[in-house]
Amino acid sequence: MTTRERMMACYRRETVDHPACAIYTRYLPRGEMERAVRDEGMGVIDYAPPVSMMAPPWHMLDGFLSEVKGAKIRVEYRWEGHQRIERRLFETPKGTLYSDIQQDLGGVGSEHILKHYLQGPEDYEAMGYIAQNIRFRDNVPLVRARIQNMGQDGVVLGRLDRSPFQKLLIELSDPEQLFLDLYDDPEPIEALLGVMEARLLEAASMAMEGPMEVLWLPDNVTAEMTSPALFRKYCLPYYQKLTRMAHQAGKLILAHFDGKLTPLKDDIARAGFDGIESVSLPEMNGDMTLEEARAAFPGAAILPNFPANLSFERDERIAGWVRALAEEAQGAPLMIQISEDLPPEQTGRVALALARALNGKEA
């Protein structure tokens, strides 16, 4: 099997010749180490948005930013010590919103929000204006080029936007303030969520026409933040609409859920996803073993992430963990992913040890 064939078989829960391993493209070290890990069979997980994102987008990358009618968008920079701070401003007829973003030190694409766009109820009207006045555009040429360039070395996922509630919780609003506002007066938030859902489903409908086989929803759900009650009210109905659209279009759809999932497991199982991606195992402070996750989500591929806390272990310890997980899989399709931040100086060595262990080679 080629690397891509092995990865696609894992997404489809089909038979593979041996367990797969893959790494998000932003974590893949470039140069000699890249050649070494890919020669050992490490696949590449790329992701490209088939449709531009709902503004404001999580990252200011190719294909992410959408036009907003009647709004001015600008970016300002300042330095605090050796850290660059990026201020993103959206000026609308309903008010100006801005967010301060700190770029990570490792240079792998992670960003830390210092100030969220939404600080309280007075900001919801401006965000509603932005959502209502977005002009989405398709990115088919971008996606086709990425797929062609990837070839058999990996898979290009169609990156969708987060669901409305998770987008508010993670990207747009200060979480503490969001929960206070939900408790005090949920009506403005629910009105905004309604506008966001209608527009995000519109964008998703456009995405279904794209050339990718697998769609990817990076929702980062954890029960520590999204309780079962919130999940059932705000997330599950949207997920069910989205997965139904994907399946009608003949596409697989994966959800990136990397937190504590046990309190949500019955509702996640009802969502209809084809894969739960970047699952955090107990070694990474998750609350499900591989066996428990497979039992909880029998209709989905379980794609665990490599635990970052093992990054400083010796290669022999990493190989032992890999072999134990492969044994736990009992012959079922398994793909271990480097899909969370690892210490940049350790990523190449860990990737090589992981790939070699899955190839049956000694550390």
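Are Phe257 and Phe273 buried or exposed? Both of these phenylalanines are buried. They belong to a predicted model, described here from its overall build down to single contacts.

## Overall build

The protein has 12 helices and 14 strands. Its radius of gyration is 20 Å, close to the 21 Å that the globule rule gives for 363 residues, so the protein is as compact as a globular protein of that length. The C-alpha trace spans about 60 × 45 × 40 Å along its principal axes.

Of the 363 residues, 55% are buried. Contacts reach far along the chain. Among those with a separation of 6 or more, 69% are between residues 24 or more positions apart.

## The parallel sheet

One open sheet holds 8 strands. Their order is β13-β12-β11-β10-β9-β2-β1-β14, and the pairing is parallel. At the edges stand β13 (301–304) and β14 (335–338); each has a single partner strand, so one side of each is left without a neighbour in the sheet. Neighbouring strands are turned by 30° against each other on average, direction ignored.

Within this sheet, β11 and β12 pair in the parallel sense over 3 bridges. Leu254 has Gly275 in β12 as its bridge partner. Helix α4 (residues 140–150) lies across β2 (43–48) and β9 (154–159). This helix runs at about 175° to β2.

## The antiparallel sheet

The other open sheet described here has 4 strands in the order β4-β5-β6-β7, with antiparallel pairing. Its edge strands are β4 (72–80) and β7 (111–115), and each pairs on one side only. Here, too, the average turn between neighbouring strands is 30°, direction ignored.

Strands β4 and β5 (residues 83–92) run antiparallel and are joined by 9 bridges. One point on this seam is Arg78, whose bridge partner in β5 is Ile85.

## Aromatic pairs

The model contains 11 aromatic pairs. Tyr24 and Trp216 form one that is edge-to-face, with 5.7 Å centre to centre and 80° between the planes. This pair links distant parts of the chain. Tyr24 sits in strand β1 (residues 20–24) and Trp216 in strand β10 (residues 214–217), 192 residues apart. Tyr24 is buried, and so is Trp216. Together with Tyr27 and Tyr47, these two residues form one aromatic cluster.

Now back to the opening pair. The ring centres of Phe257 and Phe273 are 5.7 Å apart and the planes stand at 85°, so this pair is edge-to-face. Phe257 lies in the loop between β11 (252–256) and α9 (265–271), and Phe273 in the loop between α9 and β12 (275–279), so the pair ties together parts that are 16 residues apart in sequence. Both residues are buried.

## Charges over rings

Two basic residues sit over aromatic rings. The charged end of Lys115 is over the ring of Tyr98, 4.2 Å from its centre. Arg162 lies over the face of Trp58, at 5.1 Å from the ring centre.

## Helix α5

How many of the 9 residues of helix α5 (residues 164–172) are buried? The count is 8, so the helix is largely enclosed by the rest of the structure. The buried set includes charged and polar side chains: Gln166, Lys167 and Glu171 are among them. Also buried are Pro164, Phe165, Leu168, Leu169 and Leu172.

What do these buried residues pack against? Their partners are β7, α3, α6 (175–184), α7 (186–207) and α8 (228–248). Strand β7 is also an edge strand of the antiparallel sheet.

## Ile130 in helix α3

Helix α3 (residues 124–132) contains Ile130. Its relative accessible area is 0%; buried means under 20%, so Ile130 counts as buried. Leaving aside residues up to four places away in sequence, Ile130 touches Ala55, Pro56, Val68, Phe90, Thr92 and Leu97. One of these, Phe90, falls within β5 (residues 83–92).

A longer span sets the scale. The C-alpha atoms of Ile130 and Ala249 are separated by 29 Å, and the two residues are 119 apart along the chain.

Key:
Residues numbered from 1 in each chain as written. Predicted model: local features only at pLDDT ≥ 70, side-chain atom pairs only at ≥ 80, totals over all residues. Heavy atoms only, no water. Pairing = 2+ DSSP bridges. Helix = DSSP H or I, 4+ residues; strand = E, 2+ residues; numbered from the N terminus. Axes fitted to C-alpha atoms, helices over the stretch in contact; angles between N-to-C directions. Phe/Tyr/Trp six-rings, centres within 6.5 Å; stacked < 30°, edge-to-face > 60°. Buried < 20%, exposed > 50% of the residue type's maximum accessible area, 1.4 Å probe, protein only. Lys NZ or Arg CZ within 6 Å of the ring centre and 35° of its normal. Contact = heavy atoms within 4.5 Å. Rg over C-alpha atoms; globule rule 2.2 N^0.38 Å.
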